[in-house]
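Here are a few exercises on empty space and packing. Grab your viewer and work through them in order.

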Amino acid sequence: MSSKLGSVRALLLGTIALGAASLSDRAMAQQAVTLTLWQQASTPAHETVLKQQLETCSAQQPNVKVALQSVGLDVMYPRLATSLRDRRPPNVIITVESVVAFLHDKKSLVAVDDVIDGHGRADFIPAFLQAVSAEGKTWAVPDWALHHAVWYRKDLLAQAGIQSTPKTWAELEAMAAKLTIDKDGDGKPDQFGFAVPWGAKFFAAQQSLFDALYAEGITVVDPKTGNYSFAGRKADAVQALDYMMKMHKAYSPPASIDWTLLEIRTALMNGQIAAGAEWGGVVKFVEQQRPELLDQLSVFPFPAHDGPAKASLGGGFYMMIGTAPEAEVAASKKLVACLMQPSEVARRANSRAIFALPAINSAYDSEAFKSDPINVRFAKEIETIRRDVINRWYRYGLEAGLNPVSSIMESTSVINESMQKVALGRQTSAQAIDELDQFMKSSLDRR
């Protein structure tokens, strides 16, 4: 009898325990979760769009709140270092790929292949997935795409009788020579053909260099093997730098030795230069300052020495998920998946101060993208960028996937200062390329 009572008692206790566990699971599911989301500082318009989207997506998870913070790139790395020291990286970070490389190297990211596959991997521009891949996994979700290409003034080319855009370095130089003009007869050019900025701030100098390097297929690491490859192309790199220095000295304003991207945009708008390579920010800049000039802007890829570029300088913004307790990771993935709806990706890209493009193909077909007045106006340029630029881009050491050398290169001014010394005649191109080689080798050795 006592045996039967014991069995009944055990059964009752087990039932109570299961019931308690079930209640505990439900309580955990209803437990409030606060996610921290950092986004690289942007315009008020972009932040407004993102806040609206976060409210919509948060409503799908009633127990989840999102704390949004805008963080400038100039303070991104120190703030991330502090968060890693405290073992609490942000739950979601929206910023450039070099930060993905930095956090991946610190083992502070969660792989997001399930989010990408849930959305549809084929929808993403492959180059953007490649840049954030390592160990057979993908560590960030591409959001929107940047492009580095030559923006130019159609009216100034037409006035000079130039009917087609250049396809080689020789043609680019000939175009620049024809567009460098002394208009007031004082013996000095008032209009310059092609701006080559060597400013040490905001990566302008290394971007000028890598335009030429990537066009020639010169990379930091081999895109297929991931092995350091720059040393084997140093002679070609010297020729590329010599070419850019020649273009700077002969056809670029003398002040461009200190220029950043803002000066290029202003000079294009004012007609001081006829062309210059940049990220497309000139489109939104002119829209705000002199919208009547928008129809005079167009773009072409920076060419290689003997024909079309082998690759281009590029980049984009990504959404990554930091290591955290399981409930926070799950909520973060659901949030990011919601933000990747094609129309919302398009809206975020449209609201940027730069001429950004979506990193997923379906966003181009969305009404939000197709109806945007700027996108309608620049449909031909968008086709050129998609066909010839953003489908084959690299960025400083990410040619074969994630590599912390990219964040080292972007968080220091070593390359920019070396390029400036060449422009000022303080060292030769060969010396600068040797210096660059040693810097990149040492950066890789510090991994």
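**Exercise 1. Find the volume of the largest cavity, then describe its lining.**

Start with the size: the largest cavity has a volume of about 50 Å³. Keep in mind that this is a predicted model.

Next, list the walls. His148, Phe194, Ala195, Val196, Pro197, Ala204, Gln207, Ser208, Asp211, Met244, Leu261 and Ala277 line the largest cavity.

Now sort them by class: eight are nonpolar, three polar and one charged. Going by element, H9 gives the largest share of this lining, four residues.

**Exercise 2. Pick Ser208 from that lining and work out whether it is buried or exposed.**

First, place it: Ser208 sits in helix H9, which covers residues 204-215.

Then check the number. The relative accessible area of Ser208 is 4%, and buried means under 20%, so Ser208 counts as buried.

Finally, see what it touches. Once neighbours within four places in sequence are set aside, Ser208 is in contact with Val196, Pro197, Trp198 and Met244. Of these contacts, Val196, Pro197 and Met244 also appear in the lining of the largest cavity.

**Exercise 3. Trp198 turned up as a contact of Ser208; find its place in the largest nonpolar core.**

The largest nonpolar core has 153 residues, and Trp198 is among those with the most contacts inside it, along with Trp151 and Phe302. Helix H10 (residues 234-251) supplies the largest share of this core, nine residues. As background, nonpolar side chains in soluble globular proteins tend to be buried together.

**Exercise 4. How many cavities reach 30 Å³ or more, and what lines the second largest?**

The count comes to two. The second largest cavity has a volume of about 30 Å³.

Its lining is made of His148, Ala149, Pro301, Phe302, Ala309, Ser312 and Val389. By class that gives five nonpolar, two polar and no charged residues. Notice two names from before: His148 is in the linings of both cavities, and Phe302 is one of the core residues with the most contacts.

**Exercise 5. Move on to the second largest pocket and say which residues are closest to its centre.**

The space in this pocket is about 310 Å³. Of its 20 lining residues, Thr165, Lys167, Phe300, Pro301 and Asp388 are the closest to the centre. Strand S9 (297-300) and helix H18 (379-388) are the elements that give two or more residues to the lining, with H18 giving the largest share, five residues.

To finish, split the lining by class: nine nonpolar, four polar and seven charged. Pro301 also lines the second largest cavity.

Note on methods: Residues are numbered from 1 along each chain as its sequence is written. This is a predicted model: local features need pLDDT of at least 70, side-chain atom pairs count only at pLDDT 80 or more; totals for chains, interfaces and linings use all residues. Side-chain values use heavy atoms; hydrogens and water are left out. A nonpolar core is a set of buried Ala, Val, Leu, Ile, Met, Phe, Trp, Tyr and Cys residues joined through side-chain atoms within 4.5 Å. Buried means under 20% relative accessible area, exposed over 50%, partly exposed in between (1.4 Å probe, protein chains only). Contact means heavy atoms within 4.5 Å. On a 1 Å grid over the protein atoms alone, a cavity is a set of points where a 1.4 Å probe fits but cannot get out, and a pocket is an open set with protein on both sides within 12 Å along at least five of seven lines; lining residues have an atom within 4 Å of a point. Grid points are joined across faces, edges and corners, and a volume is the space filled by probe spheres set on the points. Ala, Val, Leu, Ile, Met, Phe, Trp, Tyr, Cys and Pro count as nonpolar, Asp, Glu, Lys and Arg as charged, and the others, Gly among them, as polar.
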